[in-house]
Number of protein chains: 2
Amino acid sequence: MNNVHYICTVNLILEIMVSNKSIQEQRMKGYFIQATKDILKGEGLKGVSVRNIAQQAGYSYSTIYNYFKDVNDLVFVCISDFQKECESFVAEQTKEKPQGIDRLKATVVSYVNYFLEYPGIFDLFYLAKVGDFGHKAATIDLINGSLDAVCEKEWNYCASHGLVKVEEVERIKAQLRYTVIGMLLLYLNRRFPSSYSEFMSQLTMQINAILGNEEGTVKAVPDATQSSSLVQNSLISVNIR
Amino acid sequence: MNNVHYICTVNLILEIMVSNKSIQEQRMKGYFIQATKDILKGEGLKGVSVRNIAQQAGYSYSTIYNYFKDVNDLVFVCISDFQKECESFVAEQTKEKPQGIDRLKATVVSYVNYFLEYPGIFDLFYLAKVGDFGHKAATIDLINGSLDAVCEKEWNYCASHGLVKVEEVERIKAQLRYTVIGMLLLYLNRRFPSSYSEFMSQLTMQINAILGNEEGTVKAVPDATQSSSLVQNSLISVNIR
DNA sequence: TTATAATATGAACAATGTTCATTATATTTG
DNA sequence: CAAATATAATGAACATTGTTCATATTATAA
């Protein structure tokens, strides 16, 4: 009995210790993560350095290595946070649109807008070479399913309301994914097209070609009208040093 | 008269001197360019460093700065060479295909194959952040028109033989460009899809969706059959360190 | 052959990521 | 409460990066 009691007490104490340790550790990690996210949103990936992050967090550069294996580890952690933020961003921007193909289109445009506003996050998601993904497969999956996750609700709505052929959903999802990422890559990294308005015009044209011009049903690649850009974006930093 | 003679002689000598100087300068540049290209094809962009290039070329690292403004300048020069090489590569791989939509499709697949064989060149073309493009607009245009240039002959053939609607050519070109680059980005940089065969299957599916399943005419996004991969590729180095 | 111009070179600097012995702080023990 | 111990923060140090510049070497001129 006494033994059991002692064991329980010891376990409880250990648990509290571990818990406290964990809380403090998580707090410290949080400081560095927040600093990294701020830098990524501001200066972008090129501004991320161990000494930079540490200064922003108010610690010495070597302290980071007490909480993260290396700088890639730290940067990787930011990805899931940004994905969540991206989902909120899109939900906020599209909540007024009527459900269905219209909102699906607006969702894709809004997804693009998120990366136009934070080009550093696009770099992080799609361009960054991060060493040793071996253990980070989950993060890579998160990135690869990023657009699909953002659009999931709308796809479900469209499928359940017969607005799309279920057997075509996967192909169209893929088509959207590749087109959106290709366009963002060329625009943010290679200044093509050369103007924002031209980019948005191309974007809506491509989305209409993929999801159909008329609302309600997905038609197959009809003639795409160059509709005016759906969303305005004030701050595009093309992020080339 | 004598004056004129002297002037001409002097001019000639100067010209020869300049010419010689230029020849030697070009030769030196060539050594460094070749070294850089070899490294890019082998180790990829991550292997490119001033000291690495210099060693490969048999000179001291600082000698490079007598011939190039900086390392970006040197790397940039390689791009047009690779574009030419890519065009030859594609021409060689597709010469047996019947002209028209079939060869156009094969051309796009072959373009992809080039970058699968040399992922470092994909990095250079589309991912590299190269500082100060101000004066390099021509090179950027070369990259942005890379796929179009490779496909130009086939597009002309298809247009002049009524295999495509001329008013749709530009949109389809754009669709191909974004899709191909988006797919390459995800596959080479994010291991998606996870296998080569799955990637090639997706690629042919997307190309068929864009250019039509049946040969002869471009149909609008028909049901895409998962045809087997057209070209084999033995060496895919996904280039993540 | 000597004087001069051209060019190849490595030392030096700043900035990068990472490691590690040392200092400083917090906790446990006597 | 004081001393001993465990934990954590730190900057010095190293290797590697791109770039500059004074110097050494080589080629050309007189």
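Biologist: A polar contact is a pair of N or O atoms within 3.5 Å, and within protein one must be able to donate a hydrogen and the other to accept it, with residues adjacent in sequence counting only if both atoms are side-chain atoms. What does a backbone N or O atom of Val71(A) lie 3.2 Å from?

Modeller: That atom of Val71(A) lies 3.2 Å from a phosphate oxygen of DNA strand C. Please keep in mind that this is a predicted model, where local features need pLDDT of at least 70, side-chain atom pairs count only at pLDDT 80 or more, and totals for chains, interfaces and linings use all residues, while side-chain values use heavy atoms and leave out hydrogens and water. Residues are numbered from 1 along each chain as its sequence is written, with chains lettered from A and ligands numbered from 1 in the order in which they are written.

Biologist: OK. Which other atoms of strand C have polar contacts, say with Ser60(B) and Tyr61(B)?

Modeller: A polar backbone atom of Ser60(B) is 2.9 Å from a phosphate oxygen of DNA strand C, whereas Tyr61(B) places a polar side-chain atom 2.9 Å from a base nitrogen of that strand.

Biologist: And how many residues surround strand C?

Modeller: There are 18 residues around DNA strand C, the closest being Arg51(A), Tyr65(A), Ser62(B), Thr63(B) and Tyr67(B). Of the strand's atoms that come within 4 Å of the protein, 44% belong to sugar and phosphate. A residue is called near a strand if one of its heavy atoms lies within 4 Å of it.

Biologist: What about strand D, which residues are closest there?

Modeller: DNA strand D is surrounded by 18 residues, with Ser60(A), Ser62(A), Thr63(A), Tyr67(A) and Arg51(B) the closest. Sugar and phosphate make up 46% of the atoms of strand D within 4 Å of the protein. On the base side, a polar side-chain atom of Ser62(A) lies 2.7 Å from a base oxygen of strand D, and one of Asn66(A) lies 3.2 Å from a base nitrogen. On the phosphate side, a side-chain N or O atom of Tyr67(A) is 2.6 Å from a phosphate oxygen of strand D.

Biologist: Switching topic, which residues touch the most other members of the largest nonpolar core?

Modeller: Tyr126(A) and Tyr126(B) do, in a core of 135 residues. Such a core is a set of buried Ala, Val, Leu, Ile, Met, Phe, Trp, Tyr and Cys residues joined through side-chain atoms within 4.5 Å; buried means under 20% relative accessible area, exposed over 50%, and partly exposed in between, with a 1.4 Å probe and protein chains only. Leaving out residues up to four places away in sequence, Tyr126(A) touches residues including Tyr111(A), Phe115(A), Leu185(B) and Arg190(B), where contact means heavy atoms within 4.5 Å. Another core, of five residues, lies apart from it, and Phe76(A) and Phe133(A) are among them.

Biologist: Any odd backbone geometry? Where does Pro193(A) lie, for instance?

Modeller: Pro193(A) lies in the loop between helix 8 (166-190) and helix 9 (196-211) of chain A, where helices are DSSP runs of H or I with at least four residues, strands are runs of E with at least two, and both are numbered from the N terminus. The peptide bond from Phe192(A) to Pro193(A) is cis, with omega near 0°, and a cis bond also joins Phe192(B) and Pro193(B). Most peptide bonds are trans, and most residues other than glycine have a negative phi.

Biologist: What is phi of Arg191(A) near, then?

Modeller: Phi of Arg191(A) is near 50°, a positive value in a residue other than glycine, and Arg191(A) is in the loop between helix 8 and helix 9 of chain A. Arg191(A) counts as partly exposed because its relative accessibility is 45%. Arg191(B) likewise has a positive phi of about 50°.
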